[in-house]
Amino acid sequence: MNRVLLSASPQLRKILGLALLALLAVGVAPFLLDIYTVNILVRSLLYACVALTVDILWGYTGILTFGQSAFFGIGAYACGLAFSHLGLSPTVAILAFVGGLAVAAATAALVGWLAFGYGVSPIYVSVVTLVLPIVVTQILFSGGTFTGSSSGLSGFDTVDLDLETWFWIAGGALVILTTAAWIFVRSDAGRLLVAIRENEQRCEYLGINTSLLKTMILVAAALVAAAAGYAYAAYTDVIAPELAGFVFGTELVIWVALGGRGTLIGPVVGAIVIDLVSAYLSGSLPFVWKLVIGLAFVLVIVVLPQGFVPLLRKGWRRLSRSAPPAEPISALRPAPGASRRHSTAGTSLALQHVSRHYGSLKVLAGIDLSVRPGELLSLVGPNGAGKTTLIRCIADGHERSGGRVLVQGNDIGRRSPQRCVAFGIGRKFQTANVFETLTVAECLRLARHRLERPSWWARGSTLSVPEAALNVISATGLDRELGAAVTHLSHGMKQALELAMVLALEPSVLLLDEPTAGLTKPERALIGGILTTLAREHALSILLVEHDLDFVREISSRVVVLHQGRIVLDGTVAEVVDSALVRTIYAGEEHAVTGAAR
Amino acid sequence: MSAQLLDIISSAAIFYIVAAGLLIVFGVMKIINFAHGGFLTIGGYAALVTTELGLNPWLALPLAALTGLVIGALVEHFVVRPLYARPLDAILATWGLGIVIGQLITIAFGREVQFVQSPVKGTTSLLGEDYSLYRLLLVIGALVLAAGLAAILQGTRLGLMTRAVIMNESLARGLGINSGLVRFASFSVGSALASLAGALITPLSSVDPNMGVPWLVNAFMLVLVSGTSLVSLAIATVVLGGAQVLISAFWSPILGSLTIVVLAAVILRIRPQGFARE
């Protein structure tokens, strides 16, 4: 532990120091505060643990959940039901705890399976998490004397601990959870959460299993919420269906929003302050206080979406005239082994009778194509010829209507983009598809995620990328912008960054949809050079969609002409670019094409 | 059996009346108005005020609709308009508004359950059943509402503009349609419909400050499976509302109260567009 501490970054040391201070405060607080406040605070601290999970889910990962209350309720009922019906013993307490957590985890996994399946709309997770607490509450209602129905259960024998101990348990758990969450979200692996929120599609095409990852986060959040619920029931000796209800679920969201989503400390403070004040005002002004919270919530969502804590932080920085802490910038280095040559034998990409139709509209019909390693194949054709659709069908198994796609001999079947990436596909989209709020270095690190497991608690100081990506980075000046947020980059820089990210995947089949659009002429030439080197020296297969015939002529080793969903020409540059057919297609003379194709 | 049939038809009618305003707002603005339950509650209390003032109970309907229209217009202008680009935040802000409305009503009227006078009492004989006349009138009300909305959407200039915005807002704007006005009108009308629905359903049960929440949840799920089409909404209310009636009658009322949310969640998982055609 000492070695870890010494090698830790200054930021990490600072947060560990703050955590120790917070623990100290938790230690002395019961002796300084009056007994009523301590009493309420235990509950508030447990609520804050749940609010923290809502922040990770919603604030960081973008999963708006109304259902964390359901998991809290599951934990609370595991405790209350076991103690009521089986009596209090250490065995019962432990089994109930484990059982409650297991039920919560299984429920969360089910929610994840429902919400993050292929083709399910992004808002569906909010729908399911809205339905979940309603279902759980109704189950509790229908439980008769077993669950105590609408009045719940109370007065069961419960763990005999004094108030201070409860306070230390709740406070200690909250400090440890917050610190762990803080370290995690700032780690290399933690940046994935923001990446998913920002651009899930790009994550999938970087080979990241976002569905699994989101399900894992749901399960982890459910475990924490259930544990907090268990402690709540053991502490208060009262359980009621409202604990699992939809209204409590939305209250959690309100606390997170008011404190400041995506800040961790904001939701914690928000939950504690609001719950504590509610307890004090519940006697005198219960409705007015709820009205104030409601008004504040509307106001914050409309004019202050980031909540109060970031506002305070900004104010503090202005007062103390200190700059926000600079993000550590990674140093680039070439990835070891990335310069290996792919095998030149056989076919790297084979398409057999690939077709795609939308209803009666046929976009692709019976495409047969095979690409050898080392080929730089340009796909040309007028708008609407099906070029981008073809690229999509190669990179995502769900896209095509018929036929087979083999990547390095592996049939992609109905596999997701992320599995296709594992076969060696790398896809660059037509318009720059990057992570706008992340830095350039973070984007590149995400691209390396598949090949180099990122740390769950630390931030790497170096970043290894393959030579080809390094060439793109230095040629376009991205190496001087490593610490800059992507959103501040020019259009051309974003294009270059996406290309570098795709190259960092070390693909063996590279799909590029107009990779040089928006780049200057010298930059285009540079990228063209890098691509030809990749094909020639590393035996990559490159499939390039391009409108600029001069660029195609310069770098391609083979050109395929696509027209109305069919391949009409396939040959060398000289054969294709100068052919009369290509000119006719671009000029749009229909009969000439069909005549020639026959 | 014919009692169940009448229950299915009248329940579907009630759900249609409750969800129509939410669907119009969703269709035009692509946001879910979580204050819909609040507007429903406002309508319920408009009916209560009418009763307490000793006025003709039918007056509750225009009073409710007018209150909903005015408050809806204010809400659109001050709260929803800044959130056009943030649909998830619009859900949250309108949910917050629902809380505000609920608390204001609690402060003004108290939190207890209260009853309002029904404009029509008694039963009538239909299909060999003595059936509540008021529920049958609600079926007619739903049909009138559906016909009225169809007439507005298909027959008026504002309706044409609204349909254009529903299909493709940026194109509609490019063609010179004032989509801001369409949004404003839709939200106001949607809120008025919610309040009208609240006034219509209160004679069947009672009013309390949280009466809107369960209706909101059901209406929300019905709208999600209906997309942006009022025809799909009619189908969804008959299918899901019918399932709810049957499960409540033959199985258990508690399961019945879950029918719509659970079935809708299952339908959306299997077929994300629900009852809509595409």
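1. A residue counts as buried if 20 or more other C-beta atoms lie within 10 Å of its own. By that cut-off, buried residues make up 47% of the 278 residues in chain B. In chain A, they make up 48% of the 598 residues. The model is predicted.

2. Chain B is mostly a matter of helices by count: 11 helices and 2 strands. Along the sequence the pattern reads α-α-α-α-β-β-α-α-α-α-α-α-α. The radius of gyration of chain B is 18 Å, close to the 19 Å that the globule rule gives for 278 residues, so chain B is as compact as a globular protein of that length. The C-alpha trace of chain B spans about 55 × 45 × 35 Å along its principal axes. Take the contacts in chain B between residues at least 6 apart in sequence: 77% join residues at least 24 apart.

3. Chain A has 25 helices and 14 strands. Its C-alpha atoms fill a box of roughly 90 × 55 × 45 Å along the principal axes. For contacts in chain A between residues at least 6 apart in sequence, 78% join residues at least 24 apart.

4. Chain A is divided into domain 1 (2-245) and domain 2 (349-597). The centres of these two domains of chain A, taken over C-alpha atoms, are separated by 43 Å. The two domains do touch: 21 residues of domain 1 of chain A are in contact with 29 residues of domain 2 of chain A. On the domain 1 side, α8 (163-186), α9 (191-198) and α10 (200-204) of chain A each supply at least two residues. Helix α9(A) gives the most to that side, with 5 residues. By class, the domain 1 side has 10 nonpolar, 5 polar and 6 charged residues.

5. Next, the contact between the chains. Here 27 residues of chain B are in contact with 27 residues of chain A. On the chain B side, α4 (87-109), α9 (212-226) and α11 (253-270) of chain B each supply at least two residues. The largest share, 13 residues, comes from α4(B). The chain B side divides into 21 nonpolar, 4 polar and 2 charged residues.

6. One open sheet of chain A has 4 strands in the order β5-β4-β7-β8, with antiparallel pairing. Its edge strands are β5 (361-371) and β8 (410-411) of chain A, each pairing on one side only. Strand β4 (residues 349-358) of chain A pairs with β5(A) in the antiparallel sense over 7 bridges. To find the register, start at A:Ala350: its bridge partner in β5(A) is A:Ser370. Helix α16 (residues 387-395) of chain A packs on this sheet and touches β4, β5 and β7 (402-407) of chain A. The direction of α16(A) makes about 65° with that of β5(A).

7. Another open sheet of chain A has 6 strands, in the order β9-β11-β12-β6-β13-β14, and the pairing is mixed. The edge strands are β9 (425-428) and β14 (566-571) of chain A, and each pairs on one side only. From one strand to the next, the twist averages 15°. Strand β6 (residues 376-380) of chain A and strand β12 (residues 541-545) of chain A pair in the parallel sense over 4 bridges. For the register here, A:Leu377 has A:Leu543 in β12(A) as its bridge partner.

8. Look again at α16(A). This helix packs on the sheet of 4 strands. Helix α16(A) also lies across β6, β9, β11 (509-513), β12 and β13 (558-563) of chain A. It runs at about 150° to β11(A).

9. Two backbone points deserve a check by eye. Most residues other than glycine have a negative phi. A:Asp237 has a positive phi, near 70°. A:Asp237 is found in the loop between α11 (210-236) and β2 (238-239) of chain A. With 16 other C-beta atoms within 10 Å, A:Asp237 is partly exposed.

10. The second point is A:Glu514, where phi is also positive, near 45°. A:Glu514 has its place in the loop between β11 and α21 (521-538) of chain A. Is A:Glu514 buried or partly exposed? A:Glu514 has 19 other C-beta atoms within 10 Å, so A:Glu514 is partly exposed. The cut-off for buried is 20 or more.

Note on methods:
Residues are numbered from 1 along each chain as its sequence is written. Chains are lettered from A and ligands numbered from 1 in the order in which they are written. This is a predicted model: local features need pLDDT of at least 70, side-chain atom pairs count only at pLDDT 80 or more; totals for chains, interfaces and linings use all residues. The radius of gyration is taken over C-alpha atoms; the globule rule is 2.2 Å times the number of residues to the power 0.38. A residue is buried if 20 or more other C-beta atoms lie within 10 Å of its own, exposed if 12 or fewer, and partly exposed in between; C-beta atoms are placed from the backbone. Two residues are in contact if their C-beta atoms, placed from the backbone, lie within 7 Å. Two strands pair if DSSP finds at least two bridges between them. Axes are lines fitted to C-alpha atoms, for helices over the stretch in contact, and angles run from 0 to 180 degrees between N-to-C directions. Domain bounds come from an automatic or database domain assignment. Ala, Val, Leu, Ile, Met, Phe, Trp, Tyr, Cys and Pro count as nonpolar, Asp, Glu, Lys and Arg as charged, and the others, Gly among them, as polar.
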